Each structure stands twice: as structure tokens, then as C-alpha cells.
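Me: I'm new to this structure and would love a close look at one part of it. Could you walk me through the contacts between side chains, taking the aromatic rings and then the charged groups?

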Amino acid sequence: MADYFDLIVGTSTGGIDTLGLGYQLRATFTTLREPDRHLGGNRIVKSIRRFRVAKYSDRPLRNALETVFGERKLGESSKRLVIPSLNLDTGEVYINKTAHHSKFERDYKKKVVDVALATAAAPTFFPTHQSAVGTPLIDGGVYANNPTGLAAVEAIGVLNWPKGLLRVLSLGCTLEPFDAGSKILAPED
């Protein structure tokens with residue numbers, strides 16, 4: 001499947017899918033969900049704690065990722081990959097990339113498992129992922145909930161591909177496609 005693409009971009013669970021495509025892995029369905037932890041106390045206390053404490057441990061996800069990817073590094077991908085996460089210290093996006101440009105000198109050395117845990121660290125659901133140097137990273141979807149924009153910027157702005165020749169396949173998780181033409185609202189008089 002990945003042979004049809006020159007650049008693959010994904011965020012959150014789509015970032016994990018992107019990594020799988022980059023390593024030519026076959027997609028299978030599995031359950032990674034861990035049962036809710038008992039937080040104790042009344043409903044108000046539980047609600048407040050959920051903002052401060054992750055609802056789920058990332059351990060089952062980490063174990064599954066380690067089983068699938070092992071010690072592989074981002075640079076071992078057979079495809080150009082772009083996978084965002086958000087740096088909580090600075091509030092800036094952190095975009096992990098394979099070494100598909102001469103400027104990209106560091107991300108390709110990262111473990112695939114760390115890239116996946118960072119982009120999928122959905123706030124309140126999973127704990128913040130600490131990078132190897134201690135940077136707190138969360139779900140890339142907080143910054144790029146539609147990574148198609150990142151793909152276009154990478155293709156045109158970084159790789160200098162002619163914009164008229166680009167073909168994009170965008171997969172999402174909504175129930176129906178968004179139609180921008182029918183969603184334009186006129187201001188009230």
C-alpha cells in the first residue's frame with residue numbers, strides 16, 4: 001500500500017498508522033484499551049482529577065508499539081514521513097520527520113515508539129510523553145487536526161514539488177465528508 005505514496009503525514013492514531021505504512025506493515029485490528037482506573041471519591045472529585053490525571057495508562061499502547069516496531073528508528077522508514085506532536089513547555093508544534101531533506105538532521109535517529117507515543121498522547125486520555133531529553137509532548141492533533149495542510153506545506157515548501165502535480169489522499173475519522181461550499185454562513189442583517 002505505501003508504495004503508492006511519496007510522502008505520508010499523520011497525527012494522533014493516524015500518526016501510528018503513518019509509521020506502520022512507512023515500515024510496510026500490514027494493518028490488523030487489535031484492542032489496546034485498558035479498563036478505566038478507579039479514581040475514588042465522589043463524581044466532582046473524579047471530574048477534577050480527570051483534568052490532572054490521564055484516564056488511561058500508556059503502558060498497553062507502549063507494549064503494543066514495542067512489539068510491532070521494536071527498536072526501529074524513524075530514519076529506517078521506506079517512505080518520507082511527517083508526524084507532529086505539541087511541545088507543552090513552549091506551546092509550539094514539534095514535527096518529527098524522516099531525513100528526506102538535507103536540513104533534517106536529528107529526527108531520523110528517534111525511536112519509532114517514542115514518535116508514536118508523542119503524537120498519540122491525547123490530553124486527559126493518555127499521559128504526556130516525555131522525550132529522551134525530557135521535553136513534554138502531547139497529541140499532534142492539538143496542533144494539526146487535519147494533517148493535509150502539513151503535507152501540502154512539506155510537499156510544496158520543503159520538497160519543492162510542483163503544486164499542480166500534487167495528488168492527495170486524506171483519510172479521516174468523521175461520519176460524513178465536510179463540504180465547505182454548503183457550510184458558508186452569511187452574517188445576519
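Reply: Here is a tour of the aromatic pairs, followed by the salt bridges. Please keep in mind that this is a predicted model.

Let's begin with the rings. A pair of aromatic rings is described by the distance of the centres and the angle of the planes. The structure holds three aromatic pairs. In one of them, the ring centres of Tyr23 and Phe69 are 5.9 Å apart and the planes meet at 75°, so this pair is edge-to-face. Tyr23 sits in the loop between helix H1 (13-22) and helix H2 (43-52), while Phe69 belongs to helix H3 (residues 59-69), so the contact ties together parts that are 46 residues apart in sequence. Tyr23 is buried, at 10% relative accessible area, and Phe69 is buried too, at 5%.

Now turn to Tyr56 and Phe125, whose rings are stacked, with 6.3 Å from centre to centre and 10° between the planes. This pair also links distant parts of the chain: Tyr56 is in the loop between H2 and H3, and Phe125 is in the loop between H4 and strand E4 (129-130), 69 residues apart. Here Tyr56 counts as buried at 11% relative accessibility, whereas Phe125 is partly exposed at 41%. Together with Phe126, Tyr56 and Phe125 make up one aromatic cluster.

Next come the charged groups, where the count is three salt bridges. Arg62 and Glu66 form one of them, with their closest N and O atoms 4.0 Å apart. Both residues lie in helix H3, four residues apart, which is about one turn of the helix. Arg62 is buried at 18% relative accessibility, and Glu66 is partly exposed at 36%.

Another salt bridge joins Lys111 to Glu71, with a closest N to O distance of 3.0 Å. Lys111 is in the loop between E3 and H4, and Glu71 is in the loop between H3 and strand E2 (80-87), so this bridge ties together parts that are 40 residues apart in sequence. Lys111 is partly exposed, at 30% relative accessibility, while Glu71 is exposed, at 55%.

Finally, look at Glu154 and Lys97, a salt bridge whose closest N and O atoms are 2.6 Å apart. Distant parts of the chain are linked here as well, with Glu154 in helix H5 (residues 148-158) and Lys97 in strand E3, 57 residues apart. Glu154 is buried at 3% relative accessibility, and Lys97 is buried at 13%.

Technical notes
Residues are numbered from 1 along each chain as its sequence is written. This is a predicted model: local features need pLDDT of at least 70, side-chain atom pairs count only at pLDDT 80 or more; totals for chains, interfaces and linings use all residues. Side-chain values use heavy atoms; hydrogens and water are left out. Rings of Phe, Tyr and Trp (its six-membered ring) pair if their centres lie within 6.5 Å; planes under 30 degrees apart count as stacked, over 60 as edge-to-face and the rest as tilted. Helices (H or I, at least four residues) and strands (E, at least two) are DSSP runs, numbered from the N terminus. Buried means under 20% relative accessible area, exposed over 50%, partly exposed in between (1.4 Å probe, protein chains only). A salt bridge is a side-chain nitrogen of Lys or Arg within 4 Å of a carboxyl oxygen of Asp or Glu.
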